[in-house]
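Here is a short note to read alongside the model. The points are numbered so that each can be checked against the structure in turn.

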Amino acid sequence: MEVLKKLLNAEGITEFATVDFERLTVINPRLLNGKPGIKSAAVFLIPYRHAGMKEGGGFNVGLFARCRDYHLYANGLFERIIPTLMAETGGEIYGYADSSPIDEKGAAATAGLGFIGKNGLLINPVYGSFVFIAELLFTARLEEDICHCDGGCGECTACVDACPAGALKGGYTRERCLSFISQKKRKTKEDCEVLKANKTVWGCDICQRCCPYNKGAQFSDIAYFKEGFIEDFTPQRLREMDDEEYASFAFSFRPRAVLEENFLTASGEYDIIVS
Ligand code: SF4
Ligand code: SF4
C-alpha cells in the first residue's frame, strides 16, 4: 500500500507489513468492543536505539526506559497518519501500541518482520531487537503484503548464558526477569536481593546487548528517541526531573517512590521490605 509506505517512511519507519486480521491472535477482545468489522492490520516496528546510546550512570537500566515514552510517540504518530489513511481506504482505523487487542509480538512474526528469539523478543533482521511494535487495524480490506524473515537463533545461546537471573533457562520465565521485577510495585525480599546483586533499577538489556543480531543492527532515524534521552540515569538525575519530564518517560506509570526505592536497593543503601 503505497500511501502507507510513504507515510511511515517519512516518519523513519521502514519495517512494516499488511496482514489479514483473521491470521492474528486476539488476546484482549475487550479492546475491540464497539469496533466491529476489522479485516486487516498494518503491523510496524518503531526503532529506538540511536548511535551513541550507551549504558550510563553505573546502574542496569534498559535503553527503552531512558528514551522518552514510546506510547506518547505512537499516539502522536497515529494522529499524524490516520486521517490520510482513512481518506485513502475509507472505513475506520484504530491504532495500538503495547496495550493492544492482539498479540503484537506474534503478529509481527506472522507478518514476517522478524523471529522470536530465545530471549523472548522479536528480532528484526535490520534493527535487531531494539524496536517497539505498533499496529493499525482497518475495517477496510487491505491487500496482504507480508515480509519474509528466515533468521533464527540456531545453536546460539548467548542470551541464555548471559542472563544473570536465569530467566531464559528452559524458555522465558517472566517472574525471574529483572526487567519485570524492577517494574513491580511491591517487591519481595528475594526480588530486592536480585535487583541489588545486578544493580538493576528499571528494565534490563543484558540479553539484547549480547545478541549477535544487535551487533551490526541499524540505528533509528527517529529524532524523538534521541531528544530527551537520559545519558546517566542516577538518583540525582531522578531528583532533578520535574513532573512534566517525569511524565514523558514510560516508567511514569509507577510513582517516583518506586524508582527511588529501586535506586536505593540497587545501591545497597536500603534493605527492604515487604512481601
Ligand atoms: S531482561 Fe535481563 S533478566 Fe530479563 S531475561 Fe533478559 S537478561 Fe534476563
Ligand atoms: S543471543 Fe543468540 S540465542 Fe539469544 S536471541 Fe540472540 S541469537 Fe537468539
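1. On the other side of helix 7 from its buried residues, Lys-189 and Glu-190 are exposed. Please keep in mind throughout that this is a predicted model.

2. Which residues of helix 7 are buried? Helix 7 runs over residues 189–197, and its buried residues are Asp-191, Cys-192, Val-194 and Leu-195. These four lie on the same side of helix 7, because they cover an arc of only 165° around the axis. As background, an α-helix has 3.6 residues a turn, so residues three or four places apart point the same way.

3. What do the buried residues of helix 7 pack against? Their partners are helix 6, strand 8 (200–202) and helix 12 (256–267).

4. Lys-199 comes just after helix 7, in the loop between helix 7 and strand 8. Lys-199 is not a glycine, yet its phi is positive, about 50°. Most residues other than glycine have a negative phi. Lys-199 counts as partly exposed, because it has 17 C-beta neighbours inside 10 Å, and the partly exposed class falls between 12 or fewer (exposed) and 20 or more (buried).

5. Asp-98 is another residue with a positive phi, about 80°, although it is not a glycine. Asp-98 sits in the loop between strand 4 (93–97) and helix 4 (104–110). Is Asp-98 buried or exposed? With 12 C-beta neighbours inside 10 Å, Asp-98 counts as exposed.

6. Asn-60 belongs to strand 3, which covers residues 60–61. Asn-60 counts as buried because it has 22 C-beta neighbours inside 10 Å. Leaving aside residues up to four places away in sequence, Asn-60 touches Leu-178, Asn-198, Lys-199, Thr-200, Val-201 and Cys-204. Asn-60 is 59 residues from Met-1 in sequence, and their C-alpha atoms are 41 Å apart in space.

7. Which residues surround ligand 1? They are Asn-119, Cys-163, Ala-165, Ala-167, Leu-168, Cys-177, Leu-178, Ser-179, Cys-204, Ile-206 and Cys-207. Helix 6 (178–182) and helix 8 (206–209) each give at least two residues to this shell. By class, the shell around ligand 1 holds nine nonpolar residues, two polar and no charged. Leu-178 and Cys-204, both in this shell, are also among the residues that Asn-60 touches.

8. Ligand 2 has around it Gly-117, Lys-118, Asn-119, Cys-153, Cys-156, Thr-157, Ala-158, Cys-159, Cys-210, Cys-211, Pro-212 and Tyr-213. At least two residues of this shell come from each of helix 5 (158–162) and helix 9 (212–215). The shell around ligand 2 has eight nonpolar, three polar and one charged residues. Asn-119 appears in the shell of ligand 1 and in that of ligand 2.

9. How do helix 1 and helix 3 pack? Helix 1 (residues 2–10) and helix 3 (residues 70–89) meet at an angle of about 170°, and their axes are 10 Å apart. Angles over 145 degrees count as roughly antiparallel, and helix 1 and helix 3 are therefore roughly antiparallel to each other. Helix 1 contributes Val-3, Leu-4 and Leu-7 to the contact, while helix 3 contributes Ile-81, Thr-84, Leu-85 and Glu-88. The residues of this contact comprise five nonpolar, one polar and one charged.

How values were computed: Residues numbered from 1 in each chain as written. Chains lettered and ligands numbered in written order. Predicted model: local features only at pLDDT ≥ 70, side-chain atom pairs only at ≥ 80, totals over all residues. Near = placed C-beta within 6 Å. Nonpolar A, V, L, I, M, F, W, Y, C, P; charged D, E, K, R; others polar. Arc of directions from axis to C-beta. Contact = placed C-beta atoms within 7 Å. Axes fitted to C-alpha atoms, helices over the stretch in contact; angles between N-to-C directions. Parallel < 35°, antiparallel > 145°, perpendicular 65-115°, else oblique.
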